Amino acid sequence: MPHDLAIRGGTLATATETYQADIGIRDGRIVTIAEAVTDAEDVIDATGRIVMPGGIEAHCHIAQESGMGVMTSDDFQSGSISAAFGGNSCFVPFAAQKTGQSLAETLETYDARATPKSVLDWSYHLILTDPTADVLNELPEVFAKGITSFKVFMTYATRVSDAQFLDILSVAGKHGALTMVHAENHDMLEWMARRMIEGGNTAPRYHAPSRPGLAEEEAINRAIALARLAQAPLFIVHVSTPVGATLVANARAEGGQVWAETCPQYLFLTRDDLDRPGMEGAKYICSPPLRDTPTQAALWQHVQAGTLSLVSSDHAPYRFDDTGKFSNGRDVDFRRISNGMPGIEMRLPLLFSEGVNRGRISLNQFVALSSTNAAQIYGMLPRKGTLSIGADADIAIWDPQETRIAGEMHDAMDYNPFAGFEVTGWPITVLGRGRRIVDQGELIAQPGSGAFVKRAPIDLTGHPGQPVPELDPTQNFKADLS
Ligand code: DUC
Ligand code: ZN
Ligand code: ZN
């Protein structure tokens with residue numbers, strides 16, 4: 001039987017290997033990887049191109065209201081399209097529970113937002129903001145639907161207490177789900193912000209010193225300890241400090257079930273970007289805040305060493321107007337400016353250009369960081385995140401030579417924090433289950449052509465966990481802890 005589509009003449013790159021081969025696709029899946037695939041109804045000539053698994057964007061805020069009640073500028077249509085132009089074939093935005101809402105209602109809300117609009121296959125991480133006993137009882141149903149990761153906050157009004165965090169981790173751990181955490185010490189942030197404001201330091205630039213690295217370091221340390229006590233896996237989102245990353249590295253070196261990511265803004269921007277004239281700095285308000293150049297270098301080392309498994313965008317798009325950044329007005333202190341910046345389309349080109357082209361990471365590390373590790377951690381491998389027989393034909397074809405000066409993106413934003421960066425290496429064609437989503441600068445896929453991806457529990461093989469003496473029956477007088 002002929003193939004539906006062949007990708008011919010390209011250089012294939014996976015998380016482990018780079019080699020010349022053709023790919024044959026049938027019914028949306030990779031069915032042949034061979035020296036030559038000659039029998040296909042449709043052919044993409046990939047000569048001079050790199051053919052790799054489509055990116056998986058595992059941290060982005062799409063059609064989501066912020067804690068301040070502000071809706072992101074991107075819905076599932078513009079968000080998924082922008083992601084596709086940036087080399088992604090799958091994404092995992094958040095489905096955020098509102099206080100008092102059941103998890104079933106939360107997911108219904110997001111299904112209605114995603115299903116008619118997404119051009120990418122998608123899943124959700126659930127955000128738990130109101131972990132009542134009823135809600136915790138609902139969690140296993142959510143996991144059974146294939147939503148096997150969810151996020152909690154250690155700061156903001158929606159933060160969980162340490163006791164709540166332990167309960168949540170414990171339920172998650174029993175069901176093979178992964179708890180993600182925004183780790184910053186709330187009281188340290190509040191205390192610093194109050195001092196800033198009382199001193200009249202209200203401009204956007206004061207956002208950075210109001211959220212000291214120490215607050216992240218303390219919270220990461222605590223989150224790792226809580227997860228260890230609950231014997232549950234943990235994922236730390238948007239790590240922005242070298243000490244925080246080192247805590248992750250140490251836990252992992254001892255077998256800890258801990259994973260973490262950083263984001264392009266912490267690798268490519270600094271707090272000096274917050275100190276732009278007028279209110280321009282508001283464009284760079286995100287949390288944790290931008291740091292400094294020594295931090296960038298240290299985070300790169302942790303990316304290289306594998307401490308940080310993903311580089312995710314944390315795309316949190318709020319326009320530079322009163323629908324977004326200034327929903328509370330322009331003349332407000334930094335705390336009342338919407339928190340987050342866009343980057344879903346820039347994540348992979350930046351990482352390729354600054355990472356692979358500059359020799360900081362190999363092409364195979366790039367594939368791991370952009371796709372395969374997310375598929376592994378979030379229960380989508382081997383269906384997604386790899387080029388192998390039987391995998392979905394989610395494929396990005398890159399021109400490694402193309403240079404562009406970053407400007408406007410395909411999102412619904414009115415600014416690009418990375419505008420003006422010279423970037424070499426861009427995705428040219430992105431396939432999702434064998435269909436062209438974008439091709440040669442054109443959008444091909446129809447809204448609603450993406451599908452929900454049911455994810456598996458996290459695979460903890462090779463991550464035995466760090467022992468806790470008091471949980472060992474030989475050391476706790478055989479206490480019943482069931
Ligand atoms: N945390 C995120 O993950 N995204 C946007 C803002 C925040 O605090
Ligand atoms: Zn966060
Ligand atoms: Zn985020």
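**Close-up views of the predicted model**

**Figure 1. Arrangement of the two domains.** In this predicted model, the centres of domain 1 and domain 2, taken over C-alpha atoms, are separated by 28 Å. Domain 1 is assembled from the segments 5-52, 385-401 and 411-443, whereas domain 2 spans 54-368. Where the domains meet, domain 1 contributes 39 residues to the contact and domain 2 contributes 47 residues.

**Figure 2. The pocket and shell of ligand 1.** Ligand 1 takes up the space of the largest pocket. Histidines in the surrounding shell are His59, His61, His182 and His238. The shell also includes Lys151, Tyr156, Ser287, Asp314 and Asn339. By residue class, the shell comprises one nonpolar, six polar and two charged residues.

**Figure 3. Oxygen atoms of ligand 1 and their polar partners.** Tyr156 places a polar side-chain atom 2.4 Å from an oxygen atom of ligand 1. For Lys151, the distance from a polar side-chain atom to an oxygen atom of ligand 1 is 2.9 Å.

**Figure 4. Asp314 and the cover of ligand 1.** A nitrogen atom of ligand 1 lies 2.9 Å from a polar side-chain atom of Asp314. On its own, ligand 1 has 240 Å² of accessible area, of which the protein covers 92%.

Note on methods:
Residues numbered from 1 in each chain as written. Chains lettered and ligands numbered in written order. Predicted model: local features only at pLDDT ≥ 70, side-chain atom pairs only at ≥ 80, totals over all residues. Heavy atoms only, no water. Near = heavy atom within 4 Å. Polar contact = N/O pair within 3.5 Å; in protein donor to acceptor, adjacent residues only side chain to side chain. Areas by Shrake-Rupley, 256 points an atom, 1.4 Å probe, with all protein chains shown as cover. 1 Å grid on protein atoms, 1.4 Å probe; cavity = no way out; pocket = protein on both sides within 12 Å on 5 of 7 lines; lining within 4 Å. Sits in = over half its atoms within 2 Å of the grid points. Nonpolar A, V, L, I, M, F, W, Y, C, P; charged D, E, K, R; others polar. Domains from an automatic or database assignment. Contact = heavy atoms within 4.5 Å.
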